[in-house]
Amino acid sequence: MKDNVLSRILLCCRRYKSGVASNTNKSHFLSELPLRINFLYILFGNIVYAGCQWAMLVVIAKMKSPDVVGQFALGLAISTPVVMFTNLQLRVVLGTDTTNEYSFGNYLCLRLISGFIAFIVIVAITIYANYKIETQLIIITIGIAKIIESISDVYFGLLQKHERMDRLSISMMIKGPLSVIALFLGILITGQMLFGVIGLVVIWALILVTYDIPSGRLFLENSITYSETRNNEQFNWPRMIKTGFDANVLGRLVWLSLPLGFVMMLISLKTNIPRFFIENHLGERALGFYAAISSIMAMGTMVVTALGSAAYPRMAKYYGSELYGEFIKFLLKLVLIGLLLGVGGILVAALFGWEILKLFFGQEYASYQGVLVWVMLAGGIYYVSSFLGYAMSAVRYFRIQVPLTLVSVFTICIASFVLIKKFGLLGAAWAACLGFAVEIPLKSLIMYHALKK
């Protein structure tokens, strides 16, 4: 038994290194995984990665003051919406491109261009906001890390298209623990938050070069799209970018994916708008408390992301094959899971929230248990809304998501303006609940229209 397992591992390593095998063996080695296996992989990968992201906040909270936690949260609040917009959600567009309308070189080229634009915008926002130098450097460095992560993300889209969540999950499981270690050592050795964030940049760049790109290349070299041009293109970056840079093709791809870019920016703003108001009205210290509390909600978000990422390629196939009954049953299961996650989170927060906050963040954070309960309620609403959003992407209803998400953003913005100054962090949680809740009936109506059509 052990010899058999060892021989299979060695065979996989040889195939990975040389890329040479018979067509039959390659087909088996690179074949799609069942949905259940994909979900388990992506779920475990997201749980590990989410746990490590949470651990990073715990590390900062234990080693530094709430003000520094607030600086880190502010860096994410500024850089994430920008990167989300410039990403154009190419991962979803690539994952649902079942007819190979665009080459992977087109997607990669556009991602590199958009990453450069994101960097310029983040630097401009940081300088215009006139934060202190230390905060500016942290924000810009976090932005660089997010841009590197976005390049990995487009390779994840390629893996999702081939329904091989195992490989992107392994990437996340490697990245998560190494990120925590790099952040911890950077702060421990230098005493500065900036060097901890620089450690994240180094780790994410190394994983991109040593794992994500080679992993994606395995499928790229054997895809139908590239089978005829393989000998000429050789699948290296300069040639791939050169062949992928076609202004007309990239223009069409931008036009297709631009609504999703707006949507992802707005989705990111939905979670970050209360943070801007908190920083403005209450300061970085209060923002540090809110960031730590809301990170607990993010654990459930990662489960939703895992299931949604594994499910939407299959949902797209159901819809494209006119298997509408299967599509509806699948969607209802996802919504039920979102409800169960939300209820479970509220119960845990109500019963054990004080102990959880004290254990992981400290006594000061534990006094905000009431805020945690409302944050988890917002999380439950967000989970259900997210699954409906994945269904909309699966049927390629991209443009309608822009005005829909704008309604949610305006709701959160107005509620944050009214509630946070008067009720503090509790007002921020209420604003999130209102903004997420307004989406559910609108998304439900859109899905009804899509299926009826």
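Here is a short tour of a predicted model, with a helix pair, a tyrosine and a couple of cysteines as the stops.

**Stop one: two helices.** Select residues 133–161, which make up helix H7, and then add residues 193–220, which make up helix H9. Turn the view until you can look along both. Their axes come within 9 Å and cross at roughly 15 degrees. Angles under 35 degrees count as roughly parallel, so that is what H7 and H9 are to each other. The crossing of H7 and H9 is also left-handed. Now colour the contact by residue class: where H7 meets H9 you should find 22 nonpolar residues, along with four polar and three charged ones.

**Stop two: a tyrosine.** Next, pick out residues 284–320, helix H13, and click on Tyr312 within that helix. Is Tyr312 buried or exposed? Its relative accessibility is 2%, so Tyr312 counts as buried. Keep Tyr312 selected and add Ala391, which sits 79 residues away along the chain. Draw a distance between the two C-alpha atoms and you should get 6.6 Å.

**Stop three: the cysteines.** Jump to Cys413 and switch on a surface. Cys413 counts as partly exposed, because its relative accessibility is 31%. Then move on to Cys433. With a relative accessible area of 9%, Cys433 falls under the 20% cut-off and is therefore buried. While you have cysteines on screen, how many disulfides does the structure hold? The count is zero, so don't go hunting for a sulfur pair within 2.5 Å.

Conventions
Residues are numbered from 1 along each chain as its sequence is written. This is a predicted model: local features need pLDDT of at least 70, side-chain atom pairs count only at pLDDT 80 or more; totals for chains, interfaces and linings use all residues. Side-chain values use heavy atoms; hydrogens and water are left out. Axes are lines fitted to C-alpha atoms, for helices over the stretch in contact, and angles run from 0 to 180 degrees between N-to-C directions. Helices (H or I, at least four residues) and strands (E, at least two) are DSSP runs, numbered from the N terminus. Angles under 35 degrees count as roughly parallel, over 145 as roughly antiparallel, 65 to 115 as roughly perpendicular and the rest as oblique. A crossing is left-handed if the near helix is turned anticlockwise from the far one by less than a right angle, and right-handed if clockwise. Ala, Val, Leu, Ile, Met, Phe, Trp, Tyr, Cys and Pro count as nonpolar, Asp, Glu, Lys and Arg as charged, and the others, Gly among them, as polar. Buried means under 20% relative accessible area, exposed over 50%, partly exposed in between (1.4 Å probe, protein chains only).
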